[in-house]
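Okay, thanks for making time, everyone. I'll walk you through one model today, going from the overall fold down to a few single residues.

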Amino acid sequence: MLDRSRFREVMASFPSGVVVLTAFGEDGRPRGLTVSAFCAVSLDPPLALVCIDKTSNTLPAVQHTGGFTANILAAGREQLARRMATKLSAKFDGLEWRRPESKAGGPILDGDAAAYAVCALRDTIEAGDHWVLIGLVMEGDQREGIAPMVFTRRVYR
Ligand SMILES: Cc1cc2nc3c(=O)[nH]c(=O)nc-3n(C[C@H](O)[C@H](O)[C@H](O)COP(=O)(O)O)c2cc1C
């Protein structure tokens, strides 16, 4: 079995976008984390998945909301990506966001995202130390002319 650090090096060579996954906590406040493990699963119906570490503090908010919003970050939002990758409770202080139309979604970060997908939680699959969350995409859009961020080998491009 490949060791942990080599596995990370190999996987980091696969370029990805950077998503800020959001949901609402029981207290109604926004929660979220930075995620690179996000991809499309099915076209009909429209399904997407994210892989979330079992230790994530955002998981209870996803359960409570019954879904999540995948905010696909625009290029140049490294600071936000780093902030959302911390365990700080005040991650959303000073951030602008709006509620999706669907109840089963988290805050939409219009000003920081190149695109977003609001997902209602369909399946939760246990996989090693992560949960694979599969969502039915209820609403979404992309901003013409706004380039998405690309992350590869631990560098934001
Ligand atoms: C570029 C980048 C990509 C990441 N991708 C993931 C991911 O796909 N899944 C995951 O669970 N954590 C990922 N993380 C780590 C989480 O963002 C980090 O553990 C975060 O502190 C979790 O916050 P929470 O406990 O408040 O949910 C990533 C971090 C960075 C910087």
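Before I point at any loop, here's how the elements are assigned: helices and strands are DSSP runs, H or I of at least four residues for a helix and E of at least two for a strand, numbered from the N terminus. With that in hand, take A74, which sits in the loop between β5 and α3. We'll come back to that one. And keep in mind throughout that this is a predicted model.

So, the big picture. The protein chain has three helices and nine strands. Going along the sequence, they come in the pattern α-β-β-β-β-α-β-α-β-β-β-β. The radius of gyration is 15 Å, close to the 15 Å the globule rule gives for 157 residues, so the protein chain is as compact as a globular protein of that length. If you prefer a box, the C-alpha trace spans about 45 × 35 × 35 Å along its principal axes. As for burial, 31% of the 157 residues count as buried. And if you look at contacts between residues at least 6 apart in sequence, 68% of them join residues at least 24 apart.

Next, the inside. What does the largest nonpolar core look like? It has 31 residues, and V19, L21, A70 and L73 are the ones with the most contacts inside it. Who contributes? β1 (19-24), β2, β4, α2 (59-65), β5 (67-73), α3 (78-84), β6 (113-127) and β7 (130-142) each put in at least two residues. The largest share is from β6, with six residues. That fits a general tendency: in soluble globular proteins, nonpolar side chains tend to be buried together.

Let me zoom in on L73. Leaving out residues up to four places away in sequence, L73 touches V18, V19, V20, L80, A81, D112, A113, A114, P148 and M149.

Now β1, which I'd like you to rotate into view. Is β1 enclosed or open? Six of its six residues are buried, so β1 is largely enclosed by the rest of the structure. Both faces are covered, too: V19, L21 and A23 are buried on one side, and V20, T22 and F24 on the other.

What does β1 pair with? One partner is β2: six bridges join the two, and they run antiparallel. In that pairing, V20 stands opposite T34. The two strands make a hairpin with five residues between them, and in the turn G28 has a positive phi of about 85°. β1 also pairs with β5, again in the antiparallel sense, over four bridges. There, V19 faces I72 of β5.

Okay, back to A74, as promised. Is A74 buried, exposed or partly exposed? The cut-off for buried is 20 or more other C-beta atoms within 10 Å, and A74 has 19 C-beta neighbours inside that radius, so A74 counts as partly exposed. Skipping residues up to four places away in sequence, A74 touches D112, A113, A114, I146, A147, P148 and M149.

On to the ligand. There are 17 residues around it, and L33, A37, D53, N57 and T58 come nearest. Two strands, β2 (30-35) and β4 (47-53), each supply at least two residues of that shell. By class, we have nine nonpolar, six polar and two charged residues there. And how far is A74 from A37, one of those nearest residues? Their C-alpha atoms are separated by 17 Å, with the two positions 37 residues apart along the chain.

Last stop: backbone oddities, for those of you who like to check torsions. The peptide bond from D44 to P45 is cis, with omega near 5°. P45 is in the loop between β3 (38-42) and β4. Then there's R153, with a positive phi of about 50° although it isn't a glycine. R154 has a positive phi as well, about 65°, and isn't a glycine either. R153 lies in the loop between β8 (151-152) and β9 (155-156), and R154 is found in the loop between β8 and β9 too. Are these two buried or exposed? R153 counts as exposed, with 10 C-beta neighbours inside 10 Å, and R154 is exposed with 8 other C-beta atoms within 10 Å.

That's my tour; happy to take questions.

Methods. Residues are numbered from 1 along each chain as its sequence is written. This is a predicted model: local features need pLDDT of at least 70, side-chain atom pairs count only at pLDDT 80 or more; totals for chains, interfaces and linings use all residues. A residue is near a molecule or strand if its C-beta atom, placed from the backbone, lies within 6 Å of it. Ala, Val, Leu, Ile, Met, Phe, Trp, Tyr, Cys and Pro count as nonpolar, Asp, Glu, Lys and Arg as charged, and the others, Gly among them, as polar. The radius of gyration is taken over C-alpha atoms; the globule rule is 2.2 Å times the number of residues to the power 0.38. A residue is buried if 20 or more other C-beta atoms lie within 10 Å of its own, exposed if 12 or fewer, and partly exposed in between; C-beta atoms are placed from the backbone. Two residues are in contact if their C-beta atoms, placed from the backbone, lie within 7 Å. A nonpolar core is a set of buried Ala, Val, Leu, Ile, Met, Phe, Trp, Tyr and Cys residues joined through C-beta atoms within 7 Å. Two strands pair if DSSP finds at least two bridges between them.
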